[in-house]
Amino acid sequence: MVLLNKIKDFALFAGFTREQYSQASELFPESNRKLLMALSFLLGTVVLALALAAIFWESRGVMVSSLAYIAFSVLNYGMFFISYKFGVSFPKVILPFCYVVLISCYILAIYAGCALGPRGLAVAMAAMVVVLPIFFYDLPLRMIGLNIVGTGAFLVCSHHVKDYEIFLADVVDVVPFAVAGCMLCYVINRTKVNDLHQRKELAKQSAKIDELNFSLIARNSELETSLEHERLNSSVIRCLGNPFYALYLFDLEKKNFKEIKSTEAIRNLVGVEGDARQGFYLLTEKTVSAEDKAAISRFTDIDTMQERLRGKNTITEEFLGVFSGWSRALIIPLTLNEFGDTVEALFCARSINDEKQALLRQEHLQKLNESIKSGMWNVDFDEAGEVVSCYRSEAYRKMMGYSSIDEFPNTLDAWSERLHPEDRDIILNSFWTAVYDRSDRIVYDVEYRAKMKNGVYHWFHAAGRVTRRKNGSPISMIGVFIDINNQKEMELQLEQQQATLRDAFVTAQQASAAKSAFLNNMSHDIRTPLNAILGFSSLASTHLDEREQLKGYISKISTAGRHLLELVNDVLDMSRIESGKVKIDEAPASISAMIREIETIVNESSKEKSLTLIFDTSEVINDSVSCDKLRLNQVLLNLMGNAIKFSHDGGHVSLRVKQKGAAVDQSAAYELVVEDDGIGMSEEFLKHVFEPFEREKTSTVSGIQGTGLGLAICKNIVNMMGGTISVQSESGKGTKFTVSLSFKIEETVVVEEPDVKIENIAPKSFKGLKVLLVEDNELNAEIAQSILQEAGFVVDTVGDGSVAVERIRTAELGQYDVILMDVQMPVMDGYEATRQIRAMHRSGISSLPIIAVTANAFEEDRLQALQAGMDGHVGKPIEIPKLLKTLESVLR
């Protein structure tokens with residue numbers, strides 16, 4: 001049946017009109033074409049084989065019919081080739097192709113019939129002419145023609161064409177069948193025509209109904225689309241209206257409005273519809289604050305609204321409402337005319353109090369950030385944990401001194417490159433550790449230094465936390481930063497202050513310890529000479545009649561007193577040096593002269609121990625220098641005194657001065673070396689030799705008087721003079737002190753006269769001279785009075801500076817020759833008394849010589865006395881030769 005249906009398809013296609021040829025490629029399936037090709041090739045081959053067999057097996061009388069069969073085979077092959085070559089792209093080939101195949105089927109039927117004999121042939125033809133029209137009833141005319149052609153072909157090709165009688169028998173056998181087939185085909189066709197016509201009419205009606213249904217469906221779809229559009233518009237309006245408390249549709253041409261949504265208060269005020277101008281006027285007057293009424297009136301002006309809306313999607317205006325707080329009004333164009341002007345628009349108003357509050361909070365936060373110098377930052381990551389973006393607020397960029405993102409990009413590298421080299425690895429390690437820690441136990445909280453645009457490093461404190469995906473990979477790290485530079489500076493200052501306080505505390509502790517040590521040492525060193533003074537004084541009082549013994553006691557009391565004075569002077573010197581009261585006063589001096597003076601001073605004490613003294617200035621090139629002679633003498637005398645004290649009898653002590661090279665820029669370097677071959681010092685004691693009150697604890701040293709302050713004073717003076725002092729010593733072999741100093745060279749040669757000591761001044765030299773002694777201490781006054789009276793003076797004593805001023809004010813000319821003035825007195829000190837006496841301007845009275853006799857015995861005290869108007873200065877305890885020398889100099 002499938003094969004017959006295919007053959008029927010071929011036949012139907014063979015019945016197409018010429019107008020349908022162009023549709024052949026669509027109406028004739030590819031599968032049919034291929035089957036047709038197969039049949040054509042098969043039939044051509046079979047017919048060719050039969051024809052060739054007939055030629056060789058039969059007589060030559062069948063030659064003509066065999067040639068006809070060969071021709072049909074060639075046609076089959078030709079059609080196969082054309083179809084194979086061109087396919088359906090050559091549709092005109094299909095019609096003859098189908099006819100060739102059908103005729104080939106007739107030929108095969110004829111051969112089959114011939115094989116069965118004449119009657120078999122007739123039966124085969126009958127079957128062909130009867131059966132084929134049944135399958136191809138809808139092509140009656142073509143099938144009738146095909147029957148006729150087939151019958152004719154049968155008769156022409158009949159084997160009995162030469163035998164007239166047999167041929168007539170074949171005609172009698174075949175023609176009735178052919179006629180019967182044609183009639184059957186016609187009858188069947190006419191029987192089916194009405195049914196086919198009815199089916200075609202039904203098909204047309206069905207097509208019309210389908211077309212109508214399609215039209216109805218399309219219309220219904222349009223209606224549904226329109227309805228959906230309306231529903232969507234309605235939904236959009238409802239959604240749009242949700243955040244708005246007022247929603248009005250107004251017509252700019254008709255100047256009216258209609259409410260979509262509103263509050264009850266506004267509805268009662270303007271109504272649900274009406275004149276747009278009136279509605280906007282009432283809305284502005286009753287609900288908008290006074291300061292925003294003008295702006296909202298311009299915003300809702302109907303006459304200018306079309307112009308303001310032209311080319312815009314919306315216009316907005318914010319205002320402060322009387323009842324609802326801050327609001328934002330919007331006008332949105334809905335429909336436009338052919339000129340592009342808005343015809344209908346939507347007026348919306350919604351509350352923005354939350355936005356304003358958020359903005360206000362943001363402003364407050366920004367001000368807070370500015371006040372505390374802080375801001376935000378974040379870093380975003382992909383699932384692999386790689387950085388995809390980085391952000392830092394403008395506040396951070398401004399703090400760093402940059403004005404644009406081009407100067408300081410939002411990248412991690414741009415930030416890390418500016419970290420201090422000491423902080424970079426630590427900070428980046430903390431950052432990535434926090435990023436990769438999926439337990440979130442590690443928090444990124446660091447302090448670091450970052451380089452500003454000006455190159456200065458600034459301190460920042462940064463902290464952040466990581467948000468993560470479900471698998472634990474980081475999404476982003478969000479954090480804050482704070483400028484803590486001021487805090488760090490304060491912390492640094494605090495640390496410095498604490499360090500200073502610690503140092504001060506340590507210094508105070510050391511000072512306290514030094515004070516305790518000082519008091520302990522002073523207690524010991526003061527009590528030692530005091531014990532001698534008091535002890536020998538007590539012994540002297542019990543041996544008043546034993547003159548030689550009494551003389552020895554007095555000599556020892558004097559020695560102890562001088563030692564006590566030396567101790568007091570050293571302590572006071574040390575105190576003044578540490579308090580900064582000692583100043584270096586440079587003046588022209590001769591180095592060789594200073595060494596000669598020192599030689600004169602120490603020569604007497606060296607004779608007691610039979611020491612050999614060596615003084616050498618041969619290596620001095622520039623002898624005249626500028627220096628503080630008094631302080632330099634103090635240093636050298638201290639060193640020479642120690643060398644003499646700690647040398648064995650018959651030992652050697654030297655003082656050598658060396659100039660280290662020629663003068664440069666009017667300055668030269670000198671070394672002053674004091675060396676002895678005495679007892680020396682231990683290596684341990686050398687570490688503390690210049691510390692106050694330090695004395696080596698040996699049996700030899702403990703028997704030698706000393707304060708332990710001399711070397712400390714020497715070191716401080718040398719330091720003040722800008723030099724250095726060093727010591728080399730070995731126990732039992734001697735000691736060597738080296739003082740290195742630089743002096744300015746004096747161009748003029750300094751010649752110094754040695755001091756002339758006044759010895760055994762005759763008492764008659766001051767006999768009859770009158771002196772006013774001003775002293776508040778009775779014991780001191782008695783001692784001074786006795787000394788003066790023994791020298792020949794007539795002494796008048798007062799106990800205060802104020803009394804002395806009055807005594808001089810009322811004194812007669814010649815009543816006094818000289819005044820000895822104490823300085824520290826209870827009512828008026830000696831300096832003030834002197835100034836008032838000098839201010840009297842009494843001839844012969846206000847110019848009386850005044851000598852300060854005071855325990856303030858330092859150089860600055862002497863200068864202060866001279867500045868107050870005094871003529872001389874004598875320190876306490878009074879040295880009688882020095883006092884008499886000073887009196888002689890002022891009375892000369």
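Visitor: In the loop between which two elements is K876 found?
Guide: This is a predicted model: local features need pLDDT of at least 70, side-chain atom pairs count only at pLDDT 80 or more, and totals for chains, interfaces and linings use all residues. Residues are numbered from 1 along each chain as its sequence is written, and side-chain values use heavy atoms, with hydrogens and water left out. Helices (H or I, at least four residues) and strands (E, at least two) are DSSP runs, numbered from the N terminus. K876 sits in the loop between β23 and α28.

Visitor: Is K876 buried or exposed?
Guide: Buried means under 20% relative accessible area, exposed over 50%, and partly exposed in between (1.4 Å probe, protein chains only). The relative accessible area of K876 is 18%, so this lysine is buried.

Visitor: With which side chain does the side chain of K876 make a polar contact?
Guide: K876 touches E775, N780, D822, V853, T854 and A855, not counting residues up to four places away in sequence; contact means heavy atoms within 4.5 Å. A polar contact is a pair of N or O atoms within 3.5 Å; within protein, one must be able to donate a hydrogen and the other to accept it, and residues adjacent in sequence count only if both atoms are side-chain atoms. At 2.6 Å, the partner of the K876 side chain is the side chain of E775.

Visitor: What is the peptide bond from K876 to P877?
Guide: P877 lies in the loop between β23 (872–875) and α28 (880–891). With omega near 0°, the bond from K876 to P877 is cis.

Visitor: What is the phi of Q666, which is not a glycine?
Guide: D665 and Q666 are both found in the loop between β15 and β16. D665 counts as exposed because its relative accessibility is 74%, while Q666 is partly exposed at 46%. Neither is a glycine, yet D665 has a positive phi of about 55°, and the phi of Q666 is also positive, at about 60°.

Visitor: How many residues of α20 are buried?
Guide: Helix α20 (residues 629–645) has 17 residues and reaches 24 Å from its first C-alpha to its last, close to the 24 Å expected at 1.5 Å a residue; the expected span is 1.5 Å times one less than the number of residues. Among its buried residues are R631, L632, N633 and Q634. The helix is largely enclosed by the rest of the structure, because the buried count out of 17 is 12.

Visitor: What is the order of the 6 strands in the open sheet?
Guide: Two strands pair if DSSP finds at least two bridges between them. The pairing in this sheet is antiparallel, and the edge strands β3 (273–275) and β4 (315–320) each pair on one side only. The order is β3-β2-β1-β6-β5-β4.

Visitor: Which residue in β6 is the bridge partner of D251?
Guide: Strand β1 (residues 246–251) and strand β6 (residues 342–351) pair in the antiparallel sense over 6 bridges. In β6, the partner of D251 is E344.

Visitor: What angle does the direction of helix α10 make with that of β3?
Guide: Helix α10 (residues 276–287) packs on the sheet and touches β1, β2 (256–261), β3 and β6. Axes are lines fitted to C-alpha atoms, for helices over the stretch in contact, and angles run from 0 to 180 degrees between N-to-C directions. The angle between α10 and β3 is about 100°.
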